[in-house]
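Colleague: Could you take a close look at one part of this model for me? I'd like to hear what sits around it, and then whatever else you can tell me about the helices.

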Amino acid sequence: MAVDPVGRGLFTFLVGGKAGEGVKKAGSVASSLFADMGRHVCQMDDYQSLIRGGHNFSVVSTAVGPISSHYMQAQFAVSLDDRSFGLHRDHLAPDGVMVYNSDTTSPPDGDGRAFGLPITAEAKKYPRPELRVGVAAPAALCAALGLDKAYLRSLIEREYRRDLENNIPYAESIYDLAYAQFGGRYALRAGAASRQPIMDGAQAIALGAIAAGLDLYFAYPMTPSSSLLHFLASHAKEFGIVVEHPENEIAVANMAIGAAAAGARAMCGSSGGGLALMEEAFSLAGMAEVPILYFLGSRPGPSTGLPTYTSQGDLRFALNQGHGEFPRIVASPGSIEDGYYLTAEMLSLVWLFQTPGILLSEKHFTEGTMSVDLATDAAAWAEPLLSADGDYRRYRDTATGISPLPAAPEGQVVKWSSYEHDERGITTEEPLLTTKMVDKRLRKQAGIVEVLKRLNCTNRYEFGNGNAPVILTYGSTTLSVLEAVRAGGIEATVVQPRYLEPLPVWDLEQYQGRPLVVVEMSASGQFANLLAEKAGLRPRAVIRRYDGRPFDPVELAQAIKGAL
Amino acid sequence: MDELATYAENTWCPGCGNFAILGALKDAIRRLEGEGIARDKLRLVTGIGQHGKIFDYVNVSGFYALHGRAVATAQGMKLADPDLRIMVFVGDGDTLGEGLEHVLFAAKRNADITVVVHDNGVYALTTGQYAPTSVRGYRGPSTPTGSVEEPLRPLPLLLQAGATFVARGFAGRREQLTDMLVQAVLHPGFSFIDVLQPCVTFNNTWQLYNGLVEPIAQPASSYDEAMALARRSDRLPIGVLYRADVQPFHQALYGDRNPVRDRLSREERLDGIARLLQVERRAPSLPSLSPRAALEMAMPAHEQAASASQ
């Protein structure tokens with residue numbers, strides 16, 4: 001199958017090795033190299049839940065123009081150890097080049113695509129050789145692409161920054177050995193004149209939150225949500241925000257709620273297991289009407305599951321979060337840029353409606369890296385409705401159900417409560433008052449729907465005449481679907497709801513009766529079931545993947561064609 | 001007229017030790033005003049249990065939080081607004097059982113909040129089950145033949161965890177308790193007051209405590225001496241056992257800033273993001289509606305503000 005039907009100069013680089021060898025870093029350096037050429041990149045890192053040993057690999061696909069997925073078939077691959085060579089040989093394109101470590105792997109018979117380099121022996125000329133071998137990959141890539149040594153030096157300086165007195169001579173010696181074997185094998189077309197920024201989903205979410213006014217972020221480490229914690233912690237000072245990692249997720253959620261009640265735009269995040277611990281507090285936010293945004297980064301479960309892989313198996317968990325009845329908003333970004341816009345929009349919505357929300361995403365999103373084209377100023381700003389009423393009532397019963405926050409808290413008594421309460425926040429068990437306050441909170445649901453109807457809730461991508469079959473997907477699976485449609489030259493309309501609760505049925509019901517395929521990363525088809533239940537959509541087929549690995553666009557294109 | 005009272009009906013049993021804590025709190029609030037701490041800078045945060053009703057009875061801002069989690073909620077409030085003085089009223093089951101980790105870690109990080117435990121050795125709101133501080137042999141509906149566990153001793157535990165102000169109060173000594181509350185709120189750092197509070201219905205310890213308590217004039221001169229005082233069981237020393245001068249958590253974390261009051265503007269944030277990404281700031285190609293503007297379109301402001309109950 002022709003995977004590059006429109007001549008985008010598609011090229012894929014793969015590097016594999018042990019944890020601790022700098023595999024992910026080598027992938028990032030390759031991404032940066034392609035970005036220097038004005039090309040678009042998409043990087044996927046596959047790693048295990050360990051710190052040393054095991055098998056890690058990084059795949060970087062690049063094209064002239066938009067690309068939204070990595071491809072598993074590589075034109076150029078570097079195996080830092082023998083296991084990588086064995087595992088990734090099958091991923092090599094027919095015209096590809098596979099570099100193997102001649103110190104760990106014996107020369108393979110009869111495969112003209114394999115070239116040995118003394119990756120370990122050269123590294124042993126310098127201190128801590130086991131940590132250095134990853135540098136060999138971008139050095140070999142520079143040789144394969146015919147880039148000169150001056151560029152290689154500048155790349156190593158910019159990307160590795162540390163230990164340059166050893167990294168540069170090591171990279172240069174690998175480059176020379178590589179150049180002698182396959183120097184200039186590939187001539188990649190340059191893309192646009194300007195270099196596009198590269199970011200991962202976690203960065204996009206973090207920056208979107210900052211743009212919307214985030215003041216405090218609370219989280220306990222759990223892959224794949226930790227990258228958000230780490231990014232925010234490393235940039236806390238420059239944005240004047242506070243990042244706190246307390247004793248557990250229960251503290252995380254309750255601290256964040258306390259912070260929000262004290263006026264801070266607060267957010268907290270975890271993966272499924274951690275969010276389960278934060279669930280009681282989610283209901284607290286529903287009852288006490290605290291504006292709080294949870295971030296849920298999904299990985300395969302149940303329980304500890306596959307910590308470092310991807311999944312959409314938490315959709316129902318997110319939709320049904322919390323005991324009791326109260327409005328909530330759940331949304332999931334389908335592009336890295338939308339990670340920025342949607343996070344800001346969600347923070348703004350929860351502050352407007354004073355009810356909890358969940359930004360749902362996946363490991364493939366938080367740790368997937370892509371070229372982005374970001375309209376920085378498109379981020380919404382989170383602010384509450386305010387009341388200058390002298391006789392302040394925290395839970396004033398209004399037509400929208402939204403009780404404004406005090407414009408000037410000085411001299412006012414503001415009581416937040418987890419109990420059923422009256423308009424002033426004093427506990428009640430009285431039946432009429434209970435009904436009134438439940439109605440007040442639930443009334444916000446109608447307002448949320450009215451607001452969402454005026455925002456963009458559903459992305460629609462046309463590949464064809466507008467009458468083609470419809471592919472429904474959401475979250476980071478959207479990225480896989482869009483690339484599969486491009487790779488396979490498929491005529492289809494791709495439809496992706498950004499909001500999942502309330503589900504924008506007003507956008508979706510028009511697809512009843514069209515040929516439909518659903519693509520999602522859930523074993524039981526949670527998204528397809530939701531579409532059927534809420535929007536009456538009945539797909540011909542539900543393409544599912546639940547082994548923790550994101551779709552490969554070529555394989556997914558075949559599956560879609562089969563289903564249509 | 002008691003300006004600190006609310007219209008909530010008091011439903012504690014006559015003779016309950018909680019009345020003394022309520023009275024001491026109101027006295028302390030008035031005395032703190034004399035110390036320059038305005039009432040609207042105070043926050044009351046409570047857990048769930050008989051103790052938590054104090055939230056409804058005092059006309060001061062705050063948060064009636066979850067069972068066991070008030071100490072976490074309070075720390076979040078303090079981190080967001082370090083100008084607030086936060087008093088956390090919790091139960092022994094609430095904070096030494098359900099949410100023990102939060103109080104230990106608040107002590108460990110020296111969070112600048114005051115935690116007051118209504119320590120009655122029983123789950124009184126849920127009809128008298130044994131609690132973390134119940135004596136061995138305590139009979140309740142979940143331990144009909146008597147608890148087989150030893151009680152937890154909160155003061156040595158909190159000293160060990162790093163609390164910088166540790167005190168024991170007694171509901172039978174309201175004035176001393178008031179004084180302790182004032183000192184605790186003024187103490188920069190984590191303050192812990194374990195208040196011996198008889199439950200007249202399920203665990204009436206008035207007589208027992210009246211015979212055992214022994215006021216101490218001043219805090220111990222060393223940590224070890226404080227620990228020895230805290231461990232005594234022949235007598236129960238009441239008063240401030242220990243205090244130490246250690247930089248509070250929020251100051252160690254971010255200095256003298258107030259993260260919400262001193263927050264960066266939207267413009268400063270967008271400039272910072274553009275700088276970080278090495279891109280030019282850019283507006284969206286298609287103007288997009290903000291949620292706020294969308295609400296305005298759906299319902300004008302005067303309609304939003306209209307009372308629903310008319």
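Modeller: S271(A) is buried in this predicted model, because 27 other C-beta atoms lie within 10 Å and 20 or more is enough to count as buried. S271(A) sits in the loop that links strand 10 (266–270) to helix 11 (272–277) of chain A. Leaving aside residues up to four places away in sequence, S271(A) touches M222(A), T223(A), P224(A) and S225(A), along with G297(A), S298(A) and R299(A). As for F295(A), 24 residues from S271(A) along the chain, the two C-alpha atoms are 8.1 Å apart.

Now for the helices in chain A. Helix 7 (residues 201–212) packs with helix 14 (residues 336–353) at an angle of about 35°, and their axes are 7 Å apart. The crossing of these two helices is right-handed. On the helix 7 side, the residues making the contact include G201(A), A204(A), I205(A) and L207(A), while helix 14 brings in, among others, Y340(A), Y341(A), L342(A) and L347(A). Sorted by type, the contact residues come out as 12 nonpolar, five polar and one charged.

Over in chain B, helix 7 (residues 174–186) has 13 residues, so at 1.5 Å a residue it should span 18 Å, and its end C-alpha atoms are indeed 18 Å apart. Its buried residues are L177(B), T178(B), M180(B), L181(B), V182(B), A184(B) and V185(B). Those buried residues pack against several elements of chain B, including helix 1 (18–34), strand 3 (85–91) and strand 10 (236–243).

Key: Residues are numbered from 1 along each chain as its sequence is written. Chains are lettered from A and ligands numbered from 1 in the order in which they are written. This is a predicted model: local features need pLDDT of at least 70, side-chain atom pairs count only at pLDDT 80 or more; totals for chains, interfaces and linings use all residues. Helices (H or I, at least four residues) and strands (E, at least two) are DSSP runs, numbered from the N terminus. A residue is buried if 20 or more other C-beta atoms lie within 10 Å of its own, exposed if 12 or fewer, and partly exposed in between; C-beta atoms are placed from the backbone. Two residues are in contact if their C-beta atoms, placed from the backbone, lie within 7 Å. Axes are lines fitted to C-alpha atoms, for helices over the stretch in contact, and angles run from 0 to 180 degrees between N-to-C directions. A crossing is left-handed if the near helix is turned anticlockwise from the far one by less than a right angle, and right-handed if clockwise. Ala, Val, Leu, Ile, Met, Phe, Trp, Tyr, Cys and Pro count as nonpolar, Asp, Glu, Lys and Arg as charged, and the others, Gly among them, as polar. The expected span of a helix is 1.5 Å times one less than its number of residues.
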